[in-house]
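Colleague: I would like to go through this model with you and ask how each label is earned. Ready when you are.

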Amino acid sequence: MLTGREYTFAPEVQNGENARYEWYLDDSSVPVSTEKDYIFMPTQPGDCSLRLTVTNEDGTAEKTVAVHVVDVIPVRIAFIPSSYLADPLVRSVSLGRTLFLRPQVSDAVGPEYAWYVNGVLQEDATQRMFAFTPEKEGEYEVTFRVTDTDESPAAPLSRHITRASSKRITEKTLRVTCYERESERVITTTGQPASNRVLEFLPAPGQFVNETGMAGYTGQKSFEEARLYAENRLKKGEFVSLGNFGGYVILAFDHSVENKGKYDFSIPGNQFEGSNEPGVVWVMQDVNGNGKPDDEWYELRGSETGGEWTVQEYAVTYYRPAGPRQGVKWTDNLGRSGQVAYLGQFHAQDYYYPLWLEEESHTYYGTGLRQNTTQTPGGDWSNNSFEWGYVDNAGSDNLESSSKTGKTWFKISNAMTPDGQPAGLRYIDFIKVQSAINGSAGGLGELSTEVAGMAVDENLNR
């Protein structure tokens with residue numbers, strides 16, 4: 001929070017119609033407010049806490065919020081990790097390939113960008129995205145520097161407080177390892193066409209997350225438990241739901257899947273006409289050979305790539321509900337907000353927020369697609385398909401059924417770099433399916449991509 005600005009704390013309280021509200025600042029025993037909503041204006045930087053107690057005839061409940069106050073909000077730089085469990089400041093690249101670095105920058109005014117490799121300023125690298133092509137194998141330090149150029153006069157924040165303006169420099173450094181050559185893994189006599197492992201499973205909030213009925217959860221509360229849950233279900237051909245925008249599952253094969261220039265692999269969903277919940281597909285090579293999805297993802301081009309309503313750098317932050325059986329609030333990087341509605345008439349679990357996420361909020365990054373939903377005058381909803389390129393989508397690449405159901409087929413040759421150019425991958429080792437729409441269809445709930453089985457190397461079935 002900034003000094004001199006007003007902030008409104010508006011809690012959601014169940015059964016709070018006739019309750020008594022008391023707000024306390026730090027360890028004070030005297031409430032600073034007895035209103036339900038509290039307007040707080042910090043006057044000096046530092047850390048403090050706000051405690052709300054709510055009392056009715058059934059008892060008292062309380063919630064404490066830590067508050068950090070600053071005179072100036074610092075510029076923030078975030079390199080998006082390849083997965084939740086990967087180090088965001090470590091990258092790998094094969095010799096002869098280009099590594100595209102595209103950090104997220106927040107709270108900078110008129111920023112100027114600069115990139116350094118091993119301390120040397122890179123001429124002409126003045127954009128937020130940097131295409132780094134190492135000249136030889138080895139380790140490199142790549143530093144991204146942001147200079148906030150706001151030099152406007154100091155502006156009053158209240159009658160008594162002003163904020164001095166000055167240039168600020170913020171930087172973050174990655175460790176990049178360049179490997180001499182790509183190490184494709186050949187299939188052995190015991191190899192299988194289907195992917196054999198789930199490496200990571202992190203859905204976004206949704207009506208099937210933590211649900212014990214149709215979704216088959218049993219109270220998973222760690223990443224390993226969630227991984228095993230998804231792996232066991234997909235191996236049996238049962239669905240896992242990826243929740244609202246951003247949720248994902250990462251699959252691995254026991255061999256490298258070759259780029260044959262045709263449809264190389266397939267992924268099953270549970271789509272049919274009028275029920276499509278498209279998920280974007282990403283592919284990765286295991287460049288560093290450690291068997292983990294910690295290298296670079298390449299998005300597979302689809303029919304909506306480059307479309308007017310497609311957002312290639314979309315981000316949604318979800319917030320843990322204050323109590324059970326509540327919707328999950330979200331904000332996005334387009335300035336919008338909303339919630340994943342709780343559908344208690346259909347699902348009985350207490351929380352849609354993944355139980356194995358420890359943070360009070362979490363941000364998912366990916367490609368956002370427009371919601372292709374219509375409603376009839378009678379009120380019936382239809383989640384319509386896109387032409388091609390997505391999981392859980394009845395497009396033209398559902399090759400095995402005239403009714404366009406079942407698995408969707410994909411080409412590795414459609415992999416593209418962040419600047420939209422062909423990636424030119426000879427093979428892949430990992431696949432990520434990510435829910436791509438932030439939206440809902442009334443009582444049908446959020447548009448949550450479902451994966452209904454393991455991916456299959458179709459080159460081995462020809």
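Modeller: Start with strands β4 and β5. They run antiparallel, and 11 bridges join β4 (residues 46-56) to β5 (residues 59-69). Keep in mind that this is a predicted model.

Colleague: What makes β4 and β5 a pair?

Modeller: Pairing takes at least two bridges. Between β4 and β5 there are 11, so the two strands count as paired. One facing couple is Asp47 and His68 in β5.

Colleague: How many residues lie between β4 and β5 in their hairpin?

Modeller: The hairpin has 2 residues between the strands.

Colleague: Which strands make up the open sheet that holds β4?

Modeller: The order is β2-β4-β5, with antiparallel pairing. β2 (20-25) and β5 are its edge strands, each pairing on one side only. Neighbouring strands there are turned by 15° against each other on average, direction ignored.

Colleague: How do you know that β2 pairs with β4?

Modeller: The threshold is at least two bridges. β2 and β4 share 6, in the antiparallel sense, so they pair. Tyr21, for instance, has Val54 in β4 as its bridge partner.

Colleague: What is the strand order in the open sheet of 5 strands?

Modeller: It reads β7-β16-β13-β10-β11, and the pairing is mixed.

Colleague: Why are β7 and β11 called edges?

Modeller: Each has a single partner strand, so one side of each is left without a neighbour in the sheet.

Colleague: What makes the pairing mixed?

Modeller: Look at β16 (residues 168-179). With β7 (residues 90-94) it pairs in the parallel sense over 5 bridges. With β13 (residues 138-148) the sense is antiparallel, over 11 bridges. Arg175 of β16 serves both sides: it is the bridge partner of Val90 and of Glu141.

Colleague: Over how many bridges do β10 and β11 pair?

Modeller: Over 2, in the antiparallel sense. The rule asks for at least two, so β10 (residues 112-117) and β11 still qualify. Val117 stands opposite Val120 in β11.

Colleague: Now the helix. How does the span of α1 compare with the expected one?

Modeller: α1 (residues 223-235) has 13 residues. From first C-alpha to last it reaches 18 Å, close to the 18 Å expected at 1.5 Å a residue.

Colleague: Which residues of α1 are buried, and what do they pack against?

Modeller: The buried ones are Phe223, Ala226, Arg227, Tyr229, Ala230, Glu231, Arg233 and Leu234. They pack against β17 (197-202), β18 (240-241), β19 (248-258) and β32 (450-451). Just after α1, Gly237 takes a positive phi of about 75°.

Colleague: Why is Cys48 called buried?

Modeller: Buried means under 20% relative accessible area. Cys48 has 16%, so it is buried. Cys178, at 2%, is buried by the same cut-off.

Colleague: How many disulfides does the count give?

Modeller: The count is 0. The sulfur atoms of a pair must lie within 2.5 Å, so no cysteine pair meets that limit.

Colleague: Which residues touch the most other members of the largest nonpolar core?

Modeller: Phe201, Phe265, Ile267, Tyr318 and Ile431, out of 69 residues. β19 gives the largest share of this core, 7 residues. Another core lies apart from it, with 18 residues, among them Phe79, Leu99, Phe130 and Phe144.

Colleague: What does Ile267 touch?

Modeller: Leaving out residues up to four places away in sequence, its contacts include Val281, Val391, Phe410, Ile431 and Val451. Lys407 and Thr408 are also among them.

Methods. Residues are numbered from 1 along each chain as its sequence is written. This is a predicted model: local features need pLDDT of at least 70, side-chain atom pairs count only at pLDDT 80 or more; totals for chains, interfaces and linings use all residues. Side-chain values use heavy atoms; hydrogens and water are left out. Helices (H or I, at least four residues) and strands (E, at least two) are DSSP runs, numbered from the N terminus. The expected span of a helix is 1.5 Å times one less than its number of residues. Buried means under 20% relative accessible area, exposed over 50%, partly exposed in between (1.4 Å probe, protein chains only). Contact means heavy atoms within 4.5 Å. Axes are lines fitted to C-alpha atoms, for helices over the stretch in contact, and angles run from 0 to 180 degrees between N-to-C directions. A nonpolar core is a set of buried Ala, Val, Leu, Ile, Met, Phe, Trp, Tyr and Cys residues joined through side-chain atoms within 4.5 Å.
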